[in-house]
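The exercises below are meant to be worked with the sequence and the coordinates open side by side. Each task is followed by a solution that proceeds step by step.

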Amino acid sequence: MNKSPELIELCTAIEQWAGKPMSGPNDFDALSMKIWDKTHIQLSSSTLKRIWGYYKDTGKAHRSSLD
């Protein structure tokens, strides 16, 4: 995924909020739970991995996930 500057900035801000970089599957699982605890919005770890580009050969994240 070719990330826009805005998406890179958003990912960086979320990593700072989470207190760690997203570098492995467990990080995305923990982030998914942290987002749920804070917002009561469910974002799966798979969706988060797509947004971060952790999965190299998949398409873009859905617009509704980015909203």
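**Exercise 1.** Decide whether Leu7 is buried or exposed in this predicted model, and locate its place in the fold.

*Solution.* The relative accessibility of Leu7 is 13%, and because buried means under 20%, Leu7 counts as buried. As to its place, Leu7 lies in helix α1. A further step takes in the remote part of the chain: Trp52 is 45 residues away from Leu7 along the sequence, while the C-alpha atoms of the two are separated by 8.7 Å.

**Exercise 2.** Determine which residues of α1 are buried, and how they are arranged around the helix axis.

*Solution.* Begin with the geometry of the helix: α1 has 14 residues and reaches 20 Å from its first C-alpha to its last, close to the 20 Å expected at 1.5 Å a residue. The buried residues of α1 are Leu7, Cys11, Glu15 and Ala18. These cover an arc of only 75 degrees around the axis, and therefore they sit on the same side of α1. The general reason is that an α-helix has 3.6 residues a turn, so residues three or four places apart point the same way. On the face turned away from this buried side, α1 carries the exposed residues Pro5, Glu6, Glu9 and Gln16. Just after the helix, Gly19 takes a positive phi of about 85 degrees.

**Exercise 3.** Repeat the analysis for α2, and establish which helices its buried residues pack against.

*Solution.* Helix α2 covers residues 25-39, and its 15 residues should span 21 Å at 1.5 Å a residue, which agrees with the 21 Å between its end C-alpha atoms. Its buried residues are Asp27, Phe28, Leu31, Ser32 and Ile35. Because they cover an arc of only 140 degrees around the axis, they lie on the same side of α2. The exposed residues Asn26, Met33 and Asp37 are found on the face turned away from that side. The packing partners of the buried residues of α2 are α1 (5-18) and α3 (45-52). Just after α2, His40 takes a positive phi of about 60 degrees.

**Exercise 4.** Find how many salt bridges the structure holds, and compare the burial of the two partners with the situation of Lys49.

*Solution.* The structure holds 1 salt bridge. Asp27 forms it with Lys20, the closest N and O atoms being 2.9 Å apart. Of the two partners, Asp27 is buried, with a relative accessible area of 10%, whereas Lys20 counts as partly exposed at 38% relative accessibility. Turning to Lys49, which has its place in helix α3, one finds a residue that is buried yet has no salt bridge. The nearest side chain of opposite charge is that of Asp29, 5.1 Å away, and because a salt bridge needs the nitrogen within 4 Å of a carboxyl oxygen, this pair does not qualify. Leaving aside neighbours within four places in sequence, Lys49 is in contact with Pro25, Phe28, Tyr54 and Tyr55.

**Exercise 5.** Describe the protein as a whole: what are its elements, and what share of its residues is buried?

*Solution.* The protein has 4 helices and 0 strands, and from the N terminus on its elements run α-α-α-α. Of its 67 residues, 31% count as buried. The accessible surface comes to about 4,800 Å², and carbon and sulfur atoms account for 54% of it. Finally, among the contacts with a separation of 6 or more, 33% are between residues 24 or more positions apart.

Note on methods:
Residues are numbered from 1 along each chain as its sequence is written. This is a predicted model: local features need pLDDT of at least 70, side-chain atom pairs count only at pLDDT 80 or more; totals for chains, interfaces and linings use all residues. Side-chain values use heavy atoms; hydrogens and water are left out. Buried means under 20% relative accessible area, exposed over 50%, partly exposed in between (1.4 Å probe, protein chains only). Helices (H or I, at least four residues) and strands (E, at least two) are DSSP runs, numbered from the N terminus. Contact means heavy atoms within 4.5 Å. Accessible areas come from the Shrake-Rupley method with a 1.4 Å probe; for residues, only the protein chains shown count as cover. The expected span of a helix is 1.5 Å times one less than its number of residues. The arc is that of the directions from the helix axis to the C-beta atoms. Lys and Arg count as positive and Asp and Glu as negative; His and the chain ends are not counted.
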